[in-house]
Amino acid sequence: MSYAYDDTNIFAMILRGDIPNATVTETDHSLAFRDINPQAPVHVLLIPKGAYVTIDDFAANASVEETADFWATFASIIESEGLAPGGFRVISNAGEHGLQEVPHFHLHILGGRSLGPILTG
Ligand code: 5GP
């Protein structure tokens with residue numbers, strides 16, 4: 001499947017530096033920042049810098065370097081945010097059924113409290 005990337009999306013603007021973000025960590029290929037509307041004490045968004053629309057787009061089309069960088073950054077966030085002992089949840093919404101609002105692949109990394117049932121809708 002091919003994916004049409006819309007570079008006017010808000011995360012593309014963040015990557016261009018057009019709007020500010022509360023950066024957690026940044027690497028050559030990845031950026032993590034705090035969600036503007038946090039749903040838990042820790043709510044970090046991890047994105048690749050490359051133009052990938054959804055998690056399956058990233059999984060299918062990202063380079064080995066981008067993929068390795070992304071997961072190393074993920075591990076560093078779990079460590080730096082102190083999430084491993086208490087546990088955490090990772091969500092990636094994709095497309096219409098996933099109610100994805102921002103069409104640039106991102107992981108929601110949530111923790112800091114018990115998160116309740118995975119789905120309520
Ligand atoms: P989605 O529904 O696409 O999985 O989630 C998009 C997330 O991006 C939401 O949790 C929303 O709060 C967050 N968000 C939307 N606009 C901004 C923004 O300008 N800055 C930050 N830091 N987060 C944003």
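## Ligand site and a buried serine

An oxygen atom of the ligand lies 2.8 Å from an N or O atom in the side chain of Asn93. The model is predicted. Two further residues, Glu101 and His106, also place polar atoms by ligand oxygen. Glu101 does so with a polar backbone atom, at 2.8 Å. His106 uses an N or O atom of its side chain, at 2.8 Å.

| Residue | Part of the residue | Distance to a ligand oxygen |
|---|---|---|
| Asn93 | side chain, N or O atom | 2.8 Å |
| Glu101 | backbone, polar atom | 2.8 Å |
| His106 | side chain, N or O atom | 2.8 Å |

On its own, the ligand has 520 Å² of accessible area, and the protein covers 85% of that. The space that the ligand takes is the largest pocket.

Now the shell. The ligand has 17 residues around it. Asp35, Asn93, Glu101, His106 and His108 come nearest. By class, nine residues of the shell are nonpolar, five are polar and three are charged.

Which helix and which strand each supply at least two residues of the shell? They are helix H1, residues 10-16, and strand S2, residues 30-34. H1 gives three residues, the largest share of the shell.

Strand S2 also holds Ser30. Is Ser30 buried or exposed? Ser30 counts as buried because its relative accessibility is 0%, and buried means under 20%. The side chain of Ser30 has a partner: a polar contact of 2.6 Å joins it to the side chain of Asp69.

How values were computed: Residues numbered from 1 in each chain as written. Predicted model: local features only at pLDDT ≥ 70, side-chain atom pairs only at ≥ 80, totals over all residues. Heavy atoms only, no water. Near = heavy atom within 4 Å. Polar contact = N/O pair within 3.5 Å; in protein donor to acceptor, adjacent residues only side chain to side chain. Areas by Shrake-Rupley, 256 points an atom, 1.4 Å probe, with all protein chains shown as cover. 1 Å grid on protein atoms, 1.4 Å probe; cavity = no way out; pocket = protein on both sides within 12 Å on 5 of 7 lines; lining within 4 Å. Sits in = over half its atoms within 2 Å of the grid points. Helix = DSSP H or I, 4+ residues; strand = E, 2+ residues; numbered from the N terminus. Nonpolar A, V, L, I, M, F, W, Y, C, P; charged D, E, K, R; others polar. Buried < 20%, exposed > 50% of the residue type's maximum accessible area, 1.4 Å probe, protein only.
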